[in-house]
Amino acid sequence: MWDWEFTISILPLLFEGLKITLIATFLAFGFAVVMGLLLAIARRSSVKILSLPVKAFIEFVRSTPPLAQLFFIFYVFPKFGLVLTPLVAGVLGLGLHYSTYLSEVYRSGIDSIPRGQWEAAKALNFSKARTWISIIIPQAVPPIIPVMGNYLIGMFKDTPLLSAITLVEVLQTAKIIGAQSFRYLEPITMVGVIFLILSYVSSLGVQWLELRLNQR
């Protein structure tokens with residue numbers, strides 16, 4: 001039977017775990033946003049020695065499970081002298097994984113820029129860096145923001161994977177509560193409700209943002 005008193009008593013612990021989940025999500029997404037743009041630019045490079053390895057890296061990361069990547073970063077990196085905390089390893093693992101997907105999103109946005117924009121920048125004698133910063137990126141990014149928002153939601157729902165590398169996020173907190181109290185119904189259900197509410201609200205925010213951008 002459902003115990004409301006027990007449910008209310010564990011909410012502070014679950015919210016502490018949720019705080020770790022949100023921190024990991026936003027840090028990893030920030031990393032993915034920056035890294036994804038760098039990967040997209042590098043993949044478009046005319047220098048094959050740069051573009052080909054980047055393309056291979058993107059395909060490799062996209063084709064392997066994120067859990068295996070997290071295990072490698074957290075458990076294998078120390079063999080080479082690089083010891084990371086669970087949070088740092090989780091941020092790096094999720095960030096790298098999602099950066100490969102965001103790189104493709106960036107690429108679609110960049111490819112939508114008319115060729116005339118590139119030619120105009122060249123005619124004005126803009127450097128490559130100035131062309132990217134002043135012309136290409138400001139036009140390429142706004143249309144893809146809703147898609148990026150969907151990946152943010154996806155990353156949020158993938159954070160329970162971090163419990164596998166000992167990070168005590170919200171799901172791991174629920175499992176610990178269940179192991180200590182021998183009651184799993186309330187903590188696991190509440191975690192599901194928390195993810196449902198936050199994901200749904202976020203999806204509504206993405207839809208609203210998409211409508212706003214389409215009206216411009």
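Glu186 is buried, with a relative accessible area of 0%; here buried means under 20% relative accessible area, exposed means over 50%, and partly exposed covers what lies in between (1.4 Å probe, protein chains only). Glu186 nevertheless has a charged partner, for a salt bridge joins Glu186 to Arg183, with 2.3 Å between the closest N and O atoms. A salt bridge is counted when a side-chain nitrogen of Lys or Arg is within 4 Å of a carboxyl oxygen of Asp or Glu. Arg183 is partly exposed, at 27% relative accessibility. Elsewhere, Arg43, Glu104 and Arg107 are joined into one network by salt bridges that share partners.

The model is predicted, and local features need pLDDT of at least 70, side-chain atom pairs count only at pLDDT 80 or more, and totals for chains, interfaces and linings use all residues. Residues are numbered from 1 along each chain as its sequence is written, and side-chain values use heavy atoms, with hydrogens and water left out.

As for the overall picture, the protein chain has eight helices and zero strands, where helices (H or I, at least four residues) and strands (E, at least two) are DSSP runs numbered from the N terminus. The pattern along the sequence is therefore written α-α-α-α-α-α-α-α. Along the principal axes, the C-alpha atoms fill a box of roughly 70 × 50 × 25 Å. Of the 216 residues in the protein chain, 38% are buried.

The search of the whole structure gives six salt bridges. General chemistry helps in reading them: side chains of opposite charge can pair when their charged atoms come close. One salt bridge links the side chains of Asp111 and Arg44 at 2.5 Å, N to O. Because Asp111 lies in helix H4 and Arg44 in the loop between H1 and helix H2 (48-62), this pair ties together parts that are 67 residues apart in sequence. Both ends are partly exposed, Asp111 at 47% relative accessibility and Arg44 with a relative accessible area of 35%. Another salt bridge, between the side chains of Lys19 and Glu16, has an N to O distance of 3.5 Å. Lys19 and Glu16 are three residues apart in helix H1 (residues 4-43), so about one helical turn separates them. Lys19 is partly exposed at 44%, and Glu16 is partly exposed at 46%.

Helix packing is illustrated by H3 (residues 66-76) and H4 (residues 86-111), whose axes come within 9 Å and cross at roughly 140°. That angle makes H3 oblique to H4; angles under 35 degrees count as roughly parallel, over 145 as roughly antiparallel, 65 to 115 as roughly perpendicular and the rest as oblique. The axes are lines fitted to C-alpha atoms, for helices over the stretch in contact, with angles from 0 to 180 degrees between N-to-C directions.

Two loop residues deserve a look at their backbone. Most residues other than glycine have a negative phi. Asn125, however, has a positive phi near 65°, and Asn125 sits in the loop between helix H5 (115-123) and helix H6 (128-158). Asn125 is exposed, with a relative accessible area of 68%. Phe182, likewise not a glycine, has a positive phi of about 60° and lies in the loop between helix H7 (170-181) and H8. The relative accessible area of Phe182 is 72%, so Phe182 counts as exposed.
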